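Trainee: I would like to learn how to read a helical model carefully, one feature at a time. Could we look at the structure together and begin with how helices pack?

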Amino acid sequence: MTATATRVQAAPTPSRPARPRRSLFWTASLVLTAVLVGWAAVGLDAKWERLISAPADMWRLAQLMFGNMTWSDVGRLLDAMWDSIAIAWLGTMLAAAVAVPLAFLAARNLGGTLVSLVIRQFFNMLRALPEVILVIAFIPIFGLSLNAGVLAIAIGSIGTLGKLCAEILEGLDDGPLEAADAAGANRLQRLRWGVLPQALPELMSFVLYRFEINIRVSAVLGAVGAGGIGGTLVNALSFNEFGVAGLALIIVVLGTIAVDMISGWVRRRIIAGPRSERRHGDVAPDALAADALTATL
Amino acid sequence: MSDAVAPPAAVAPGPVATRPKRPRPSLFAVVGITVAVVLTIATTWDWEYGTGFSLSEVFTNLTNNNRVIAAIPNTDLGQMLSGRSRGAFIETLQMAVLGTFGGAIVALPLALWTTTVGAPNRPVMWALRMVSNVMRSFPDVLWASLFVTAVGIGALSGLLALFCFSIAVIVKLTADTVDGIDMGPVEAARAAGAGHSQVLRTAVVPQILPAYASFVLYSFELNLRGSAVLGLVGAGGIGGRLDFFRNQGRWEEVWGIVVMFFIVVFIVDQISSAMRRRLV
């Protein structure tokens with residue numbers, strides 16, 4: 001007893017632990033960032049003097065836009081917004097029709113090693129092509145129909161969607177696959193009973209997520225001349241029809257948020273199932289999606 | 001010995017396993033799939049509310065003679081050596097670097113303030129969440145055309161557009177990460193008497209820093225890709241060159257710039273995703 005007491009007294013007062021050293025990677029990244037930012041700030045030929053007045057300029061533009069709105073334009077603008085949504089939806093569906101089957105081949109555990117390597121590189125190539133460049137090339141080919149936009153979105157989404165879906169398939173639990181093999185399933189039955197039940201919710205959820213992204217993309221494509229609300233908005237701005245532009249802006253924002261909310265609700269319902277409650281400490285479904293995105297995009 | 005014989009005898013009288021009943025599809029699945037099918041048909045159909053999209057039309061258009069596709073074999077790779085195109089590219093890169101950097105600095109506190117853990121009080125949280133939702137529904141090119149109209153044509157407008165776009169992307173992704181952090185360190189910091197900003201500094205930020213850095217890189221990749229468009233509405237960078245050649249119908253040069261763009265994006269993506277893998 002006395003021995004323990006003396007031991008406690010003899011213990012040194014706890015000192016603050018030493019701060020862990022920063023890793024070389026962090027230091028190198030910080031230095032690299034500083035160098036890059038310095039190079040860009042010195043080199044960029046921008047009218048920096050206008051930066052100070054920029055907030056005031058934006059405020060004046062907002063006053064012009066939201067002060068001159070006429071409600072008679074609403075119908076026309078809603079039609080244009082619907083065009084953007086239709087382009088995004090159809091493009092996403094076309095992309096999914098190509099990307100999801102290819103993803104099965106691109107997943108290392110389902111397709112062969114060589115096949116998956118080839119398809120992965122194909123996805124990577126498509127991923128590097130921005131939709132805008134596609135649409136610039138498509139407009140003269142397809143004329144002023146909405147086809148150019150649909151096709152650009154479809155081709156632009158195949159790469160990312162395919163890559164994400166392949167990563168999901170690679171993360172599957174092997175158990176059901178082994179069970180299907182053990183029960184003597186052929187390749188098709190193996191996919192149907194071993195893979196699809198596990199993967200389908202996540203695959204559908206990523207297709208919907210891509211649709212949300214594509215709504216924004218289709219608004220961008222409009223600005224380049226592919227129809228939809230983006231074109232209306234950019235044209236209105238360049239012809240100084242500020243009222244139309246303001247109303248179009250409101251419709252873009254509300255339309256996009258509405259689609260996001262519906263699609264987000266459906267995604268959560270697909271992933272989490274009915275009557276699921278978020279408990280304290282659970283990771284939010286959106287956070288899961290964000291993690292998956294950063295790990296793979 | 002007798003013990004070893006017993007089990008097979010027990011198995012034999014068991015009933016033949018019947019196949020379990022197939023679960024009925026949920027109402028949600030039925031409605032969801034119906035809506036998806038109807039929406040697809042409605043948007044494909046050639047009517048007032050459809051796109052009139054047809055693959056056969058796409059095919060005929062593609063196989064018809066046209067100058068855009070005819071120019072592909074004659075792609076002008078000399079664009080990579082042209083000083084003006086290279087200058088425009090460097091401008092694009094500089095815009096993307098500055099826009100992302102500025103956006104990242106502003107986005108970190110904003111992201112913390114939009115979460116229940118980090119917000120100083122509820123009204124601020126709700127207001128910032130609304131601002132973040134509205135900002136997120138703007139694509140980069142809309143920012144660019146707004147800034148071009150208000151601030152004027154040039155790289156500054158492109159820079160500001162990428163700045164706003166980065167804020168929107170990084171705030172959303174970072175806030176989602178903050179929602180998912182381990183609350184242990186936060187409680188520990190509070191128990192040790194840390195104030196609000198000390199909790200954020202010592203318990204929240206260290207947990208999200210790698211994810212945040214990777215979101216910044218991701219946003220940089222997006223910005224680089226997006227910057228191709230900005231020039232088309234007058235916000236500087238390589239898009240301006242692209243628009244110039246496109247309006248003149250010089251598709252050989254357009255494809256040359258596309259190839260160049262492709263290479264730059266590919267290299268930057270490789271570096272950036274290698275760094276992100278290292279982070280996460």
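Mentor: Let us start with a pair of helices in what is a predicted model. To read a packing, take the angle between the N-to-C directions of the two axes, and then the distance between the axes. Here helix H9 (residues 187-224) of chain A packs against helix H11 (residues 242-272) of chain A at an angle of about 175°, and the two axes are 9 Å apart. Because an angle over 145 degrees counts as roughly antiparallel, H9(A) is described as roughly antiparallel to H11(A).

Trainee: Which residues of H9(A) and H11(A) meet, and how many of them are nonpolar, polar or charged?

Mentor: On the side of H9(A), the residues that meet H11(A) include A:Leu208, A:Phe211, A:Ile215 and A:Arg216, while the partners in H11(A) include A:Val252, A:Val259, A:Asp260 and A:Ile270. Sorted by class, the contact of H9(A) with H11(A) has twelve nonpolar, three polar and five charged residues.

Trainee: How many helices and strands does chain A have?

Mentor: Chain A has twelve helices and zero strands, and its pattern along the sequence reads α-α-α-α-α-α-α-α-α-α-α-α. Of the 297 residues in chain A, 40% are buried. Among the contacts in chain A with a separation of 6 or more, 71% are between residues 24 or more positions apart.

Trainee: What can be read from a single helix, for instance from the length and the buried residues of H5(A)?

Mentor: One begins by comparing the expected span with the distance between the ends. Helix H5 (residues 113-127) of chain A has 15 residues, which at 1.5 Å a residue should span 21 Å, and its end C-alpha atoms are indeed 21 Å apart, so the two values agree. The buried residues of H5(A) are A:Ser116, A:Ile119, A:Arg120, A:Phe123, A:Leu126 and A:Arg127. They lie on the same side of H5(A), because they cover an arc of only 120° around the axis. On the other side of H5(A), A:Leu114, A:Gln121 and A:Met125 are exposed. What covers the buried residues of H5(A) includes helix H4 (74-106) and helix H7 (147-170) of chain A.

Trainee: Is A:Met81 in H4 buried or exposed, and which residues does it contact?

Mentor: The count of C-beta neighbours settles the first part. A:Met81, which is found in helix H4 of chain A, is buried, because 24 other C-beta atoms lie within 10 Å and the cut-off for burial is 20 or more. Leaving aside neighbours within four places in sequence, A:Met81 is in contact with A:Ile229, A:Ile251, A:Val252 and A:Gly255. A:Val252 also belongs to the H11(A) residues that meet H9(A). By way of a distance along the chain, A:Met81 and A:Glu131 are 50 residues apart, with their C-alpha atoms separated by 19 Å.

Trainee: Where does A:Leu233 lie, and what surrounds it?

Mentor: A:Leu233 lies in helix H10 (residues 229-238) of chain A, and A:Leu233 counts as buried because it has 27 C-beta neighbours inside 10 Å. Beyond its neighbours within four places in sequence, A:Leu233 is in contact with A:Ala245, A:Ala248, A:Leu249, A:Val252 and B:Leu142. A:Leu233 and A:Ala245 are twelve residues apart in sequence, whereas their C-alpha atoms are 5.1 Å apart in space.

Trainee: What is noteworthy about the backbone of A:Asn240, and is the residue buried or exposed?

Mentor: A:Asn240 has a positive phi of about 60°, although it is not a glycine. The residue lies in the loop between H10 and H11 of chain A, and it counts as exposed because 11 C-beta neighbours are inside 10 Å, where the cut-off is 12 or fewer.

Trainee: How many residues does each chain bring to the contact between chains A and B?

Mentor: Chain B contributes 68 residues and chain A contributes 63 residues. By class, the side of chain B that touches chain A has 39 nonpolar, 20 polar and nine charged residues.

Trainee: At what angle do H3(A) and H7(B) cross?

Mentor: The axes of helix H3 (residues 49-67) of chain A and helix H7 (residues 140-151) of chain B cross at roughly 105° and come within 8 Å, so H3(A) is roughly perpendicular to H7(B). Residues making this contact include A:Ala54, A:Met58 and A:Leu61 of H3(A), together with B:Leu146 and B:Val151 of H7(B).

Note on methods
Residues numbered from 1 in each chain as written. Chains lettered and ligands numbered in written order. Predicted model: local features only at pLDDT ≥ 70, side-chain atom pairs only at ≥ 80, totals over all residues. Helix = DSSP H or I, 4+ residues; strand = E, 2+ residues; numbered from the N terminus. Contact = placed C-beta atoms within 7 Å. Nonpolar A, V, L, I, M, F, W, Y, C, P; charged D, E, K, R; others polar. Expected span 1.5 Å × (residues − 1). Arc of directions from axis to C-beta. Axes fitted to C-alpha atoms, helices over the stretch in contact; angles between N-to-C directions. Parallel < 35°, antiparallel > 145°, perpendicular 65-115°, else oblique.
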